[in-house]
Amino acid sequence: MNVPQALRFDPSLKSFPTMRGLCNALLAVVTLGRSGLMDRVQGVIAQADLPAPLADIVLRTTRATRLWPSEQHDVARELASHFREGLDAGVPADTLAANFGDAQVSAGLIRRAARRKRPAAWQVWTVVWKGVVVLLLTLLVLYGVFTLRYYAGSPSIKRNFFNELNAKILATPAEQRAWPEYRRAMMAMPDLPGDEIMNEWPAISVDDPQFVNAAAYIKAARPQLDIVRAAAERPVLGAELLRTIDEEFEVRMAERRRATPAAIQAVRDTAVNEQAPENPDTIGILLPALGRIRGLERDLRFDNTVARHEGDGERVAANIEAIIGIAHQMGHEETLIGQLVGYAILHVAVNEVKTTLTETPELLTDGQLSSIAHGLAVCIEPGELVVDMSGERMFMGDLLQRIYTDDGNGDGRLTDEGMDYLMGVISMGFETPLPSPRSTAAGHAVGPVFGQVLAGRKDMQREYNRLLDQTIADASRPAYERMADANRDEIERLVHDSIWSARYLPIKVTLPAIGKCYWSGQRVTLERDAACVAIACEIYRRRTGAWPQSLSEVPRPLLPRVPVDPFTGKEVLYRLVNGAPVLYSTGNDQDDDGGTQVVGGDPGRVQSISVIVDGDWVLWPMPKKE
Amino acid sequence: MKPAPASTPPARIETELLRGAGPLAVLKLLERRQMYGYELVESLAQRTQGVLALGQSTLYPLLYNLEAKELIEATWETSDSGRERKYYRLTTKGKKRLAEDEKQWSALVGAMQSIGIGASFAGGAA
């Protein structure tokens with residue numbers, strides 16, 4: 001057996017199994033088969049006693065067939081036998097050799113024919129692996145093309161949404177913008193009280209041990225609250241968007257909460273270190289005003305608690321109107337989140353009205369109540385509050401220009417740079433940021449493929465617009481209509497569809513819960529209008545000495561219209577229970593439970609449009625806490 | 001080059017024509033008895049006056065193909081002279097195929113003759 005020594009497997013190799021040892025072993029097995037075969041072919045030729053030219057033809061042809069050893073042996077036997085027959089018949093060796101033709105061509109034909117004789121299982125296997133190879137090669141070529149496209153392009157950021165937004169804000173005259181005044185007031189406010197108060201702020205009742213200290217703080221802040229109340233009368237918030245933090249303001253805010261010197265320095269460092277790109281992405285726009293405005297609203301709310309305690313109706317009315325004014329300003333913000341904060345502040349204003357009417361019904365004059373009612377009725381906008389999604393459309397437009405190329409016709413493809421940006425956006429939903437796809441091999445490998453999975457720019461924009469329009473149309477319907485439609489929420493269905501989610505990932509991660517936003521507007525609208533009814537009833541009581549038996553008794557100038565219950569499409573319900581008025585919606589069970597609020601758990605559950613709970617949604621007086 | 005006379009068949013058949021005729025000819029030769037490769041070559045060359053003279057490079061792939069289709073089967077046998085030969089014989093399937101192909105070829109030859117092709121060789125080839 002002519003196995004080269006170097007290729008023989010040496011069982012004494014101590015390192016086996018190693019890759020080298022394994023290769024040696026395999027090579028030895030393969031070579032052993034081939035070497036043995038050649039010995040056998042040589043034997044066949046020798047047995048046929050063929051002259052050198054014919055022996056060479058047999059050897060070369062047999063070898064060139066590259067068939068299995070047994071097949072090659074068979075071919076060699078047959079060719080040798082053939083030549084032997086020819087020689088014995090007296091045909092010269094040269095003639096036989098010439099007649100044979102080209103050995104390579106013959107070997108090819110023989111190989112093709114011999115392989116057809118192989119077992120069906122082998123034939124199937126051959127087709128399968130050839131198919132797999134072709135498939136892999138095709139995929140490889142496609143992957144190469146995808147990779148080229150993925151890395152060759154780069155996003156074309158043409159619109160500066162940041163500047164566009166700021167241009168709108170700054171176009172409003174300074175005297176109409178409230179934020180500069182709010183900022184001035186907050187800068188001048190005294191330092192905040194300790195955590196024992198701030199942890200409960202502003203829900204500190206008069207019988208709370210901390211009330212005196214908390215009241216002292218708010219008393220010290222009254223000059224600044226006067227500035228806030230005056231600014232609340234301005235039509236717009238007008239908070240300029242910032243590329244970096246407002247260092248002076250943030251440092252003062254840190255000082256007010258008695259931050260450590262290190263923490264204050266950290267704020268300064270942030271301001272210094274933060275880069276200020278010319279065209280910052282809208283998703284990362286700093287909206288510090290939102291949180292600060294909520295802080296002002298809380299200050300006003302606690303000042304109301306103190307004012308009610310002190311019997312200062314004028315301050316209570318001023319505070320409520322200021323909260324309404326702030327809600328109005330926020331409700332007109334360009335961003336959805338700003339508008340929702342406006343709704344939340346309006347909800348606070350409504351609660352302040354109801355609390356005042358319940359706890360200190362005689363505190364406010366008719367004139368103050370009427371003024372508050374007029375302010376409420378047009379707060380944000382008359383009629384139903386509807387969120388404006390133009391800011392969301394703008395955010396999506398900005399996102400798309402940062403992840404896709406631009407072919408000039410509204411279409412484009414995902415790029416390496418865009419993928420990195422998209423992952424950054426997705427990371428915002430995680431506590432620990434996801435690794436950049438550019439920093440990992442897997443990211444580089446998957447990127448080009450994901451670029452093909454992800455919808456193109458035009459398709460993405462179209463799907464976003466379609467979903468937004470459809471969901472807005474659906475969400476705009478009254479609750480009773482939406483509840484009757486079991487298939488109303490296409491977004492809810494789509495986000496659970498893994499194919500859709502992968503194809504339209506940017507939509508999935510950025511599309512707001514539109515249904516909830518709209519419902520929030522409808523809910524606050526009812527609360528706002530119910531507060532107006534409560535004021536009308538209170539004024540009626542003062543004039544007649546008794547609560548109205550029904551809302552139709554309340555004169556039209558006091559109550560221009562009765563709000564509609566979104567759960568029934570009919571007027572909200574009113575009745576006297578033990579001589580006291582109760583204004584209520586049926587709640588999501590659409591059933592009149594006599595003005596009984598839901599028993600147990602969160603009373604707000606009756607406001608859900610997805611989970612039905614027995615009980616009514618009491619709009620006035622304030623629902624009792626469990 | 002001097003053109004061949006119209007009545008004389010060409011010495012070699014074009015590959016395309018041979019592709020259909022070769023297997024049928026081999027099957028026909030094996031109809032009566034089993035034969036080995038060299039014997040088949042010689043027999044074909046003699047009986048067709050060289051028209052269907054198959055070289056080894058054509059014959060053996062042809063035989064392997066017929067074997068793969070199970071129209072023929074092969075066995076190694078030792079002749080009286082002590083020489084090893086691989087004999088091919090027709091299978092039942094091969095007999096059926098031969099019958100079918102013969103019919104088709106007859107129809108084809110008849111058709112060709114009807115338009116004046118090969119009329120002078122009618123009945124001479126087989």
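Guide: A nonpolar core is a set of buried Ala, Val, Leu, Ile, Met, Phe, Trp, Tyr and Cys residues joined through C-beta atoms within 7 Å. A residue is buried if 20 or more other C-beta atoms, placed from the backbone, lie within 10 Å of its own, exposed if 12 or fewer, and partly exposed in between. The model is predicted: local features need pLDDT (the predictor's confidence in each residue, from 0 to 100) of at least 70, side-chain atom pairs count only at pLDDT 80 or more, and totals for chains, interfaces and linings use all residues. Residues are numbered from 1 along each chain as its sequence is written, while chains are lettered from A and ligands numbered from 1 in the order in which they are written.

Visitor: Which helix gives the largest share of the largest nonpolar core?

Guide: This core has 84 residues, and A:V533, A:A534, A:I535 and A:A536 are among those touching the most other members. Helices (H or I, at least four residues) and strands (E, at least two) are DSSP runs, numbered from the N terminus. The largest share, 15 residues, comes from helix 26 (residues 514-544) of chain A.

Visitor: Which element of chain A has the lowest mean pLDDT?

Guide: Chain A averages a pLDDT of 88, and 93% of its residues score at least 70. Over residues 1-17 of chain A, pLDDT stays under 50. Helix 11 (residues 222-231) of chain A has the highest mean among the elements, 98, and the lowest, 66, belongs to helix 1 (residues 19-48) of chain A.

Visitor: How many residues does chain B bring to the contact with chain A?

Guide: Two residues are in contact if their C-beta atoms, placed from the backbone, lie within 7 Å. Chain A brings 20 residues and chain B brings 15 residues.

Visitor: Why do strand 1 and strand 3 of chain A each have one side without a neighbour in the sheet?

Guide: Two strands pair if DSSP finds at least two bridges between them. In chain A, 3 strands form an open antiparallel sheet in the order 1-2-3. Strand 1 (573-577) and strand 3 (617-620) of chain A stand at its edges, so one side of each is left without a neighbour, as each has a single partner strand.

Visitor: Which residue of the hairpin of strand 2 and strand 3 of chain B takes a positive phi?

Guide: Strand 2 (residues 72-78) and strand 3 (residues 84-90) of chain B pair in the antiparallel sense over 7 bridges. B:E73 stands opposite B:R89 in strand 3 of chain B. The hairpin has 5 residues between the strands, and the positive phi, near 85°, is that of B:G82.
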